[in-house]
Amino acid sequence: MAQMTTTPPIAAPKNDAPARVNKPRRGRRSMGASIALHGTLILASLIAIGPILWVVLSSFKPGYAVQSTEITLIKDPTFANYEYVLFETNFPEWFLNSVIVASLTMLVGIFFSATTGYALSRFNFPGRRSLMMVFLVTQMFPISILIVPIYTIMSNLGLINTLPSLVIAYLTIAVPFCAWMLKGYFDSIPTSLDEAAALDGCSPFRIFWRVILPLARPAIAVTGFYAFLTAWGEVAYASAFIQTDDKYTLAYGLQQFVPQFNPQWEYLTAAAVLVTIPAGIVFLFAQKHLVSGLTAGGTKG
C-alpha cells in the first residue's frame, strides 16, 4: 500500500527590513518661522498697498474731508471730483497728449532698441565696443544734467513746445537701456538659426524680422513696457519743453491741481487714479512676458 506524503505548509517570508521612520525633511520651516515669514509678507504688502488705497479712497471724498485732521476711510463719498477733472479741466487734452507721446515713444523705442540690440549681438563692426560703452555711460547721467543740452538742440530745431520734442527726449532715456537688455536676449538665441535662414536665402533684415524677433517677444514686451512708463510719468522734460496748457502731458498737468497757496487734493487724487488706468492696461497685456523678459540674457544656450 503506497504511503501518502503531505507537503508541509510554506511559511510566509519574514520581512526583516526595519520599518521606515518618517523623518522631517531638511529645510522645513518650523511653525514659528512660517508665521513670522507670512506675517512679514502681509505687513510688507499692506505698506505697499496702503498709500494706493488711501489715494483711491481720498478721490471719492469732498475737499473738506480730504484736508480734515480726522482720519476716516470713507466720509461723504462723491463722484464730483471725477466729474470736475473730466469735464471742467483740460485733463482729456492732457490725456490725449500723453497717449500720443507714450505710444510713439514705445513704438519707435522698440524699433530702434531691437535693431540696435540685434546689430550689437550678431555683427562685429568697427566701433561696436565704443558704441556699447556710450550706451552704458549715458545711463550714468541724471536727467537734470541732460535737460540743458537737449533743450538747446530742440530750440535750434524749432521743436520747443511740441510733442515731438518730448518723444525725442524720452527716446534718449529708453533706447540705450533697452538696447542693452535686448542685446543680452539676442545673445541667448542660437546663431545656428541665423545661419539656417541665411542658407535659405534670407537677408539679414529678413532673418531679424521673421526668425529672431518672434523669439524675442518676452524681451520686446518688457522693452515696450519700460519705454511706455518712461514717457507716461516723466515730468522734468515736460516742464522744460512744454510752455502752453494745450500741450501739457498728464504728469505735468497734475501740478495744476496743487498750486502753492490752495492745493486741491481731492482733484489731484481723482486725476492720479485716472492716470494709472492706461499704465495698468499696458501691464495686463505685457504681464505674461514680463517674468521671462526680465530674466532675459541671464543664461546663454
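Select Asp246 to begin, and you will be looking at a residue that is partly exposed, with a relative accessible area of 33%. Keep in mind throughout the tour that this is a predicted model. Now add Lys247 to the selection: its side chain and that of Asp246 meet in a salt bridge, with 3.3 Å from N to O. Lys247 also counts as partly exposed, because its relative accessibility is 26% and the partly exposed class lies between 20% and 50%. As background to this stop and the next ones, side chains of opposite charge can pair when their charged atoms come close.

How many salt bridges are there to visit? The count comes to three, and the pair you have just seen, Lys247 with Asp246, is one of them.

For another, select Lys183 and Asp187, whose side chains meet in a salt bridge at 2.8 Å from N to O. Both residues belong to helix H7, and because they are four residues apart there, about one helical turn separates them. Are these two residues buried or partly exposed? Lys183 counts as buried, at 11% relative accessibility, whereas Asp187 counts as partly exposed, at 22%.

Next, select Arg122 and Asp194, which form a salt bridge whose closest N and O atoms are 3.1 Å apart. This pair links distant parts of the chain, since Arg122 is in helix H4 (residues 91-122) and Asp194 is in helix H8 (residues 192-199), with their positions 72 residues apart. Both Arg122 and Asp194 are buried.

Return now to helix H7 and select Leu171, which has its place in that helix. Leu171 is buried, because its relative accessible area is 14% and buried means under 20%. Which residues is Leu171 in contact with, once its neighbours within four places in sequence are left aside? They are Thr105, Val108, Gly109 and Pro176. If you show the C-alpha atoms of Leu171 and Thr105, you will find them separated by 6.2 Å, although these residues are 66 residues apart along the chain.

Stay with helix H7, which spans residues 163-187, and move to Trp180. At 34% relative accessibility, Trp180 counts as partly exposed.

For the last stop, keep Trp180 selected and add Met133, Leu136, Val137, Met140, Phe141 and Ile145, which together with Trp180 form a nonpolar patch on the surface, with about 660 Å² of accessible area together. Colour helix H5 (residues 128-138) separately, and you will see where the largest share of the patch, three residues, comes from.

How values were computed
Residues numbered from 1 in each chain as written. Predicted model: local features only at pLDDT ≥ 70, side-chain atom pairs only at ≥ 80, totals over all residues. Heavy atoms only, no water. Patch = residues over 30% accessible without salt bridge, like charges linked within 9 Å, V, L, I, M, F, W, Y side chains within 5 Å. Areas by Shrake-Rupley, 256 points an atom, 1.4 Å probe, with all protein chains shown as cover. Salt bridge = Lys/Arg side-chain N within 4 Å of Asp/Glu carboxyl O. Helix = DSSP H or I, 4+ residues; strand = E, 2+ residues; numbered from the N terminus. Buried < 20%, exposed > 50% of the residue type's maximum accessible area, 1.4 Å probe, protein only. Contact = heavy atoms within 4.5 Å.
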